[in-house]
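Visitor: Could you take me to one small part of this model and look at it closely with me? I would like to begin with a single pairing and then see what surrounds it.

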Amino acid sequence: MYRVGLGSDQHRYQRGTGIVLGGVKIPAEYAVVAHSDGDVLLHALTDALLGAVAAGDIGELFADSAAENFGRDSRDFVTAAERIVRDRGFEIINIDSTIQAERPRLSGYKSAIAASIAEILGLENSAVSVKAKTAEGMDALGRCEGIRADAVVLIKRIVENV
């Protein structure tokens, strides 16, 4: 049996020294407003994994009001969600994701981001897709006010009756 999970996240920008996407630090003259490290891509992926097994969402597991999550590395969120997926008898088949931002330009970072996600989850690089789009100057993203990420994950049952 296969299942699909969908996740999305977005954050506003503020002055800073860079952003983190898929566990990769990207230099920039801004950062994201967030309680954790603000990695929108890993937050979207966490929700996709949790959604695929109907296990709630990132806010239920890692509340942004909890002191222990302040500045927390979003890789922790993804690995916790992956454990839940595996504990329920599933394995991850592939991940497809899209990052939407006017800046920074991400074409030079997409393969490193995909490789980082593959490493975090123990997947082959070919199982992780990272795409980058702009908003073509429309809406808040188009005005460079923030960043958004969407992720879709396909999982397959490997253990029955879990």
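Guide: Gladly! Let us begin with Ile19, whose bridge partner in β3 is Ile26. Please keep in mind that this is a predicted model. The pairing of these two residues belongs to a wider arrangement: strand β2, residues 18–21, runs antiparallel to β3, and four bridges join the two strands. Together β2 and β3 make a hairpin with two residues between the strands, and in this hairpin Gly22 has a positive phi near 60°.

Now look at β3 from its two sides. Val24 and Ile26 make up its covered face, and Ile26 is the residue we just met as the partner of Ile19. Lys25 and Pro27 are on the uncovered face.

Follow the chain onwards and you come to the loop between β3 (24–27) and β4 (30–32), which is where Glu29 sits. Glu29 makes a salt bridge with Arg103, with 2.4 Å between the closest N and O atoms. This pair ties together distant parts of the chain, because Arg103 is in the loop between β5 (90–100) and α4 (110–121), 74 residues apart from Glu29. How exposed is Arg103? Its relative accessible area is 31%, so it counts as partly exposed, the class between 20% and 50%. Arg103 has another feature to find: the peptide bond that leads from it to Pro104 is cis, with omega near 0°. Pro104, too, belongs to the loop between β5 and α4.

The Glu29 pair is one of several such links, as the whole structure holds five salt bridges. Among them is the one between Arg75 and Asp73, where N and O come to 2.6 Å. Arg75 is partly exposed at 35% relative accessible area, and Asp73 is partly exposed as well, at 27%. Another joins Arg148 to Asp150, whose closest N and O atoms are 2.9 Å apart. Here Arg148 has a relative accessible area of 25%, which makes it partly exposed, and Asp150, with 24%, is partly exposed too.

Let us return to β4, on the far side of the loop that holds Glu29. Where does this strand go next? It joins an open sheet of five strands with mixed pairing, in the order β4-β1-β7-β5-β6. Why do β4 and β6 (128–133) have a side without a neighbour in the sheet? They stand at its edges and each has a single partner strand, so one side of each is left free of a neighbour. On average, and with direction ignored, neighbouring strands in this sheet are turned by 25° against each other.

The partner of β4 is β1, residues 2–15; these strands pair antiparallel over three bridges. To find one meeting point, look for Tyr13, which has Val32 in β4 as its bridge partner.

Strand β1 also carries Leu6. With a relative accessibility of 62%, Leu6 is exposed, because the class begins over 50%. Leu6 shares a nonpolar surface patch with Val4 and Val152, and the accessible area of the three together is about 280 Å².

A helix comes into view here as well. Helix α1, residues 40–52, lies across β1, β5, β6 and β7 (146–157), and its direction makes an angle of about 155° with β1. Past this helix, the loop between α1 and α2 (58–61) contains Ala54. Ala54 is not a glycine, yet its phi is positive, near 50°. It is exposed, at 67% relative accessible area. Gly56 is found in the loop between α1 and α2 too, and it is partly exposed at 33%. If you set aside neighbours within four places in sequence, the contacts of Gly56 are Leu50 and Gly51.

For a last stop, compare Ala54 with Asp139, another non-glycine residue with a positive phi, here about 55°. Asp139 is placed in helix α5, residues 139–142. Is Asp139 exposed or partly exposed? Its 45% relative accessibility makes it partly exposed.

Notes: Residues are numbered from 1 along each chain as its sequence is written. This is a predicted model: local features need pLDDT of at least 70, side-chain atom pairs count only at pLDDT 80 or more; totals for chains, interfaces and linings use all residues. Side-chain values use heavy atoms; hydrogens and water are left out. A salt bridge is a side-chain nitrogen of Lys or Arg within 4 Å of a carboxyl oxygen of Asp or Glu. Buried means under 20% relative accessible area, exposed over 50%, partly exposed in between (1.4 Å probe, protein chains only). Two strands pair if DSSP finds at least two bridges between them. Axes are lines fitted to C-alpha atoms, for helices over the stretch in contact, and angles run from 0 to 180 degrees between N-to-C directions. Contact means heavy atoms within 4.5 Å. Patches are made of residues with over 30% relative accessible area and no salt bridge: like charges are joined within 9 Å, nonpolar side chains (Val, Leu, Ile, Met, Phe, Trp, Tyr) within 5 Å. Accessible areas come from the Shrake-Rupley method with a 1.4 Å probe; for residues, only the protein chains shown count as cover.
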